[in-house]
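Morning, everyone. Let me put the model on the screen, and then we'll walk through it.

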Amino acid sequence: MDLSPEDYCRQLEHYLCRTNEGHLIRIVGPAFEQVCAWAERGVPLKVAQRGIDRYCERYYAKGPRRRPVRIEFCEADVLDAFDE
């Protein structure tokens, strides 16, 4: 199933919302362009989700956080997961 870059972003937006315990973080502007670049590069949705999970595991391991995770902070983990 090939997703358009917009649908790819929407899917990751929903995933990030669930990961952030319901906090909605919109993927817009530069973050949208960043995530579209992942789609164009061929990063599968499941791999991007694995990268998000990696970042969130490290982030929440430090203790409770007040702010939800933003997609921009997950890029290094997403690209590392893709390289693997």
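Where in the chain is confidence lowest, and where is it highest? This is a predicted model, so that comes up front. Helix α1, residues 5–19, has the lowest confidence, at a mean of 92. Helix α4, residues 75–83, has the highest, at 94. For the chain, the mean pLDDT is 90. A pLDDT of 70 or more is reached by 99% of the residues.

Now the overall fold. There are 4 helices and 0 strands. Along the sequence the pattern reads α-α-α-α.

How does the radius of gyration agree with that of a compact globule? A compact globule of 84 residues would have a value near 12 Å, and the chain has 12 Å, so the two agree. The C-alpha atoms fill a box of roughly 35 × 25 × 20 Å along the principal axes.

Burial next. Of the 84 residues, 39% are buried. The accessible surface of the chain is about 5,400 Å². Carbon and sulfur atoms hold 49% of that surface.

Contacts along the sequence. Take the contacts with a separation of 6 or more: 70% of them join residues 24 or more positions apart.

Charges, briefly. The chain carries 13 positive and 15 negative charges. Their mean positions sit 8 Å apart.

Let's go through some residues, starting at the N-terminal end. Asp2 is in the segment before α1. Is Asp2 buried or exposed? Asp2 has a relative accessible area of 82%, over the 50% cut-off, so Asp2 is exposed. Its C-alpha lies 9.8 Å from that of Ala39, and the two residues are 37 apart along the chain.

On to the loop between α1 and α2. Asn20 is placed there, and so is Glu21. One is buried, the other exposed. Asn20 has a relative accessibility of 1%. That is under the 20% cut-off, so Asn20 counts as buried. Glu21 comes in at 71%, so Glu21 is exposed.

What does Asn20 touch, leaving aside neighbours within four places in sequence? Its contacts are Ile25, Tyr60, Pro68 and Val69. Pro64 is 44 residues from Asn20 in sequence, and their C-alpha atoms are 12 Å apart in space.

Glu21 has another point for this audience. Its phi is positive, about 55 degrees, although Glu21 is not a glycine. Most residues other than glycine have a negative phi.

Next, helix α2, residues 30–41. Gln34 is found in it. With a relative accessible area of 15%, under the 20% cut-off, Gln34 is buried. Beyond its neighbours within four places in sequence, Gln34 contacts Ile71, Glu72 and Glu75.

Past α2 we reach the loop between α2 and α3, and Val43 is found there. Which is Val43, buried or exposed? Its relative accessible area is 3%, so Val43 is buried. With neighbours within four places left out, Val43 is in contact with Tyr8, Trp38, Ala48, Val78 and Phe82. Gln11 is 32 residues away along the chain, and the C-alpha atoms of Val43 and Gln11 are separated by 13 Å.

Then helix α3. Gly51 lies in α3. Its relative accessible area is 0%, so Gly51 is buried. Which residues does Gly51 meet, again leaving aside neighbours within four places in sequence? They are Asp77, Val78 and Ala81. From Gly51 to His23 the C-alpha distance is 19 Å, and the two are 28 residues apart in sequence.

Last stop, helix α4. Which residues of α4 are buried? Asp77, Val78, Leu79 and Ala81 are. What covers them includes α2 and α3, the latter spanning residues 45–61. That links back to two residues from earlier. Val78 is among the contacts of Val43, and it is also among the contacts of Gly51.

To recap. We have a predicted model with 4 helices and 0 strands. Its radius of gyration agrees with that of a compact globule. In the loop between α1 and α2, Glu21 has the positive phi. At α4, the cover over the buried residues includes α2 and α3. Thanks, I'll take questions.

Key: Residues numbered from 1 in each chain as written. Predicted model: local features only at pLDDT ≥ 70, side-chain atom pairs only at ≥ 80, totals over all residues. Heavy atoms only, no water. pLDDT = per-residue confidence, 0-100. Helix = DSSP H or I, 4+ residues; strand = E, 2+ residues; numbered from the N terminus. Buried < 20%, exposed > 50% of the residue type's maximum accessible area, 1.4 Å probe, protein only. Contact = heavy atoms within 4.5 Å. Rg over C-alpha atoms; globule rule 2.2 N^0.38 Å. Areas by Shrake-Rupley, 256 points an atom, 1.4 Å probe, with all protein chains shown as cover. Lys, Arg positive; Asp, Glu negative; His and termini not counted. Charge placed at Lys NZ, Arg CZ, Asp CG, Glu CD.
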